[in-house]
Amino acid sequence: KMKMKNKYQIWYIGYIISLLLVLTMLFADFPKMVDIGLAILFSAVFGISHVQILHNKMMKNDADYKISVMDERNILIKEKAGNVTNMVNTVLLGLATVIFICLDYVIPAIITGTIITVQPIILITISTMLEKKM
């Protein structure tokens, strides 16, 4: 039980990182584009941490929510939606890579091409890890 509690406490680190990002934006004299990047990073880190903390609290305290989340049909729908989303993202990255190549944007093409190449490796690795756990 103690291990489970500690596993969810890691999301509170996101609040600390968010605060550090805001302080960095306020007190460091970075160019405007760096500040925009930091603001986007702050939004992502804070949003993900906050949603995870709320989800974990609701799983612990709201029986109806927990039943709804753990329902096999809902789990199956989420898995299928995740698979379709992954395929669509791969196609979009492929299109972006082709567009970058056509526009002679070498670095962005290399980056998106690398992401497309790494995605199946990540999928195989995660699938293997999940198979071993089940």
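**Figure 1. Phe42 and Phe46 sit together in helix α3 of this predicted model.** Four residues separate Phe42 from Phe46 within helix α3, which is about one turn of the helix. Their ring centres are 5.8 Å apart and their planes meet at 25°, so this pair is stacked, given that planes under 30 degrees apart count as such. Neither ring is fully hidden from the surroundings: Phe42 is partly exposed, with a relative accessible area of 24%, and Phe46 is partly exposed too, at 34%.

**Figure 2. Tyr15 and Phe46 join helix α2 to helix α3.** Here the view moves on to a link between distant parts of the chain, with Tyr15 in helix α2 and Phe46 in helix α3, 31 residues apart. A pair of aromatic rings is described by the distance of the centres and the angle of the planes. For Tyr15 and Phe46, the centres lie 5.5 Å apart and the planes are at 45°, so the pair is tilted. Tyr15 is partly exposed, with a relative accessible area of 25%. Stepping back a little, Tyr12, Tyr15, Phe42 and Phe46 form one aromatic cluster. Searching the whole structure turns up four aromatic pairs.

**Figure 3. Helix α2 has a buried face and an exposed side.** Helix α2 covers residues 12-27, 16 residues in total, and spans 23 Å from its first C-alpha to its last. That is close to the 22 Å expected at 1.5 Å a residue. Which residues of α2 are buried? They are Gly14, Ser18 and Leu21. Looking down the axis of α2, these buried residues fall within an arc of 60°, so they line one face of the helix. Among the elements that cover them is α3. On the other side of α2, you will find Ile16, Leu26 and Phe27 exposed.

**Figure 4. Ser49 is a buried residue of helix α3.** Helix α3 runs over residues 32-61, and Ser49 is part of it. With a relative accessible area of 4%, Ser49 is buried, because the cut-off for that label is under 20%. What does the side chain of Ser49 reach? It comes to 3.5 Å from the backbone oxygen of Trp11. Setting aside neighbours within four places in sequence, Ser49 is in contact with Trp11, Gly14 and Tyr15. Gly14 is itself one of the buried residues of α2.

**Figure 5. Ile53 in helix α3 touches Trp11, Tyr12 and Tyr15.** Ile53 counts as buried, at 6% relative accessibility. Its contacts with Trp11, Tyr12 and Tyr15 leave out residues up to four places away in sequence. Tyr12 and Tyr15 also belong to the aromatic cluster of Figure 2. For a sense of scale, Ile53 and Val118 are 65 residues apart in sequence and 30 Å apart in space, C-alpha to C-alpha.

**Figure 6. Confidence differs between helices α1 and α2.** Across the chain, the mean pLDDT is 87, and 94% of the residues reach 70 or more. Where is confidence lowest, and where is it highest? It is lowest in helix α1, residues 2-9, with a mean of 59, and highest in α2, at 93. Where pLDDT is low, the predicted coordinates should not be read in detail.

Note on methods: Residues are numbered from 1 along each chain as its sequence is written. This is a predicted model: local features need pLDDT of at least 70, side-chain atom pairs count only at pLDDT 80 or more; totals for chains, interfaces and linings use all residues. Side-chain values use heavy atoms; hydrogens and water are left out. Helices (H or I, at least four residues) and strands (E, at least two) are DSSP runs, numbered from the N terminus. Buried means under 20% relative accessible area, exposed over 50%, partly exposed in between (1.4 Å probe, protein chains only). A polar contact is a pair of N or O atoms within 3.5 Å; within protein, one must be able to donate a hydrogen and the other to accept it, and residues adjacent in sequence count only if both atoms are side-chain atoms. Contact means heavy atoms within 4.5 Å. The expected span of a helix is 1.5 Å times one less than its number of residues. The arc is that of the directions from the helix axis to the C-beta atoms. Rings of Phe, Tyr and Trp (its six-membered ring) pair if their centres lie within 6.5 Å; planes under 30 degrees apart count as stacked, over 60 as edge-to-face and the rest as tilted. pLDDT is the predictor's confidence in each residue, from 0 to 100.
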